[in-house]
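This note is meant for a colleague who is opening the entry without having seen it before. The points below may be read with the sequence and the model side by side.

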Amino acid sequence: MDFAKTFGLFFATALAEILGCYLPYLWLRQGKSAWLLVPALSSLALFAWLLTLHPQAAGRVYAAYGGVYIGVALLWLWVVDAIKPTVTDWVGVGFCFLGMCIIMFGPRRI
């Protein structure tokens, strides 16, 4: 799987996970409708399914996905929570993306 496809799939996976966790947060912390749990469950099911679409071993996928999740979470912080990430936040994301690339695309012994 090439970089763009892997990264795009991880990006979509992270959005599904964050949304699936954010909707219950709105219900529990901000008094929104409990009906938000329905799309939250659907979003978390989508998150789990998207992780299965990678051809690599599950543990490798989970480890690499974490790097992209961190970047998407900071974008969420900026876009949804209206809090601008700091320079050090972005530097940290850069290291996380580098780690994702090393894990997903590094050489493998066969």
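1. Before the helices are discussed, one definition is needed: the expected span of a helix is 1.5 Å times one less than its number of residues. Helix H2, which covers residues 37-51, has 15 residues and should therefore span 21 Å, and its end C-alpha atoms are indeed 21 Å apart, so the two values agree. Please keep in mind throughout that this is a predicted model.

2. As for the overall layout, the protein has 4 helices and 0 strands, and along the sequence these elements follow the pattern α-α-α-α. The C-alpha trace spans about 50 × 35 × 20 Å along its principal axes. Of the 110 residues in the protein, 31% are buried. Among the contacts with a separation of 6 or more, 69% are accounted for by residues 24 or more positions apart.

3. Which residues of H2 are buried? They are Ala 40, Ser 43, Phe 47, Leu 50 and Leu 51. Seen down the axis of H2, its buried residues fall within an arc of 95°, so they line one face of the helix. What covers these buried residues includes helix H1 (3-30) and helix H3 (58-79).

4. The length of H1 can be checked by the reasoning that was applied to H2. With 28 residues at 1.5 Å a residue, H1 should span 40 Å, and its end C-alpha atoms are 38 Å apart, which agrees. H1 is followed by Gly 31, a residue whose phi is positive, near 70°.

5. The packing of H1 against H3 deserves a point of its own. Two packed helices are described by the angle between their axes and the distance between the axes. For H1 and H3, the axes come within 8 Å and cross at roughly 65°, and H1 passes H3 in a right-handed crossing. The residues of this contact divide into 17 nonpolar, 1 polar and 1 charged. On the H1 side they include Phe 7, Phe 10, Phe 11, Thr 13, Glu 17 and Tyr 22, while those on the H3 side include Val 61, Tyr 65, Val 68, Leu 75 and Trp 76.

6. Ile 18 allows the same contact to be examined from a single position, since this residue is placed in helix H1 and is among the residues of H1 that meet H3. Is Ile 18 buried or exposed? Its relative accessibility is 8%, and because buried means under 20%, Ile 18 counts as buried. When its neighbours within four places in sequence are left aside, Ile 18 is in contact with Tyr 69, Val 72, Ala 73 and Trp 76. Ile 18 and Ser 43 are 25 residues apart in sequence, with their C-alpha atoms 8.6 Å apart in space, and Ser 43 is one of the buried residues of H2.

7. Two further positions in H1 may be set beside Ile 18. Lys 5 is found in helix H1 and, at 56% relative accessibility, counts as exposed; its C-alpha atom is separated by 14 Å from that of Phe 97, which lies 92 residues away along the chain. Ala 4 is also found in helix H1 and, at 57% relative accessibility, likewise counts as exposed. Ala 4 and Trp 90 are 86 residues apart in sequence, and their C-alpha atoms are 20 Å apart in space.

8. The loop between H3 and helix H4 (87-105) contains Ala 82, a residue that a reader may wish to inspect, as it has a positive phi of about 60° although it is not a glycine. The relative accessibility of Ala 82 is 66%, so this residue counts as exposed.

9. Finally, for H4, Gly 94 may be taken as an example, since this residue lies in that helix. At 37% relative accessibility, Gly 94 counts as partly exposed, because that class lies between the limits of under 20% for buried and over 50% for exposed. Gly 94 and Gly 67 are 27 residues apart in sequence, and their C-alpha atoms are 8.9 Å apart in space.

Notes:
Residues numbered from 1 in each chain as written. Predicted model: local features only at pLDDT ≥ 70, side-chain atom pairs only at ≥ 80, totals over all residues. Heavy atoms only, no water. Helix = DSSP H or I, 4+ residues; strand = E, 2+ residues; numbered from the N terminus. Buried < 20%, exposed > 50% of the residue type's maximum accessible area, 1.4 Å probe, protein only. Arc of directions from axis to C-beta. Contact = heavy atoms within 4.5 Å. Axes fitted to C-alpha atoms, helices over the stretch in contact; angles between N-to-C directions. Left-handed = near helix turned anticlockwise from the far one by under 90°. Nonpolar A, V, L, I, M, F, W, Y, C, P; charged D, E, K, R; others polar.
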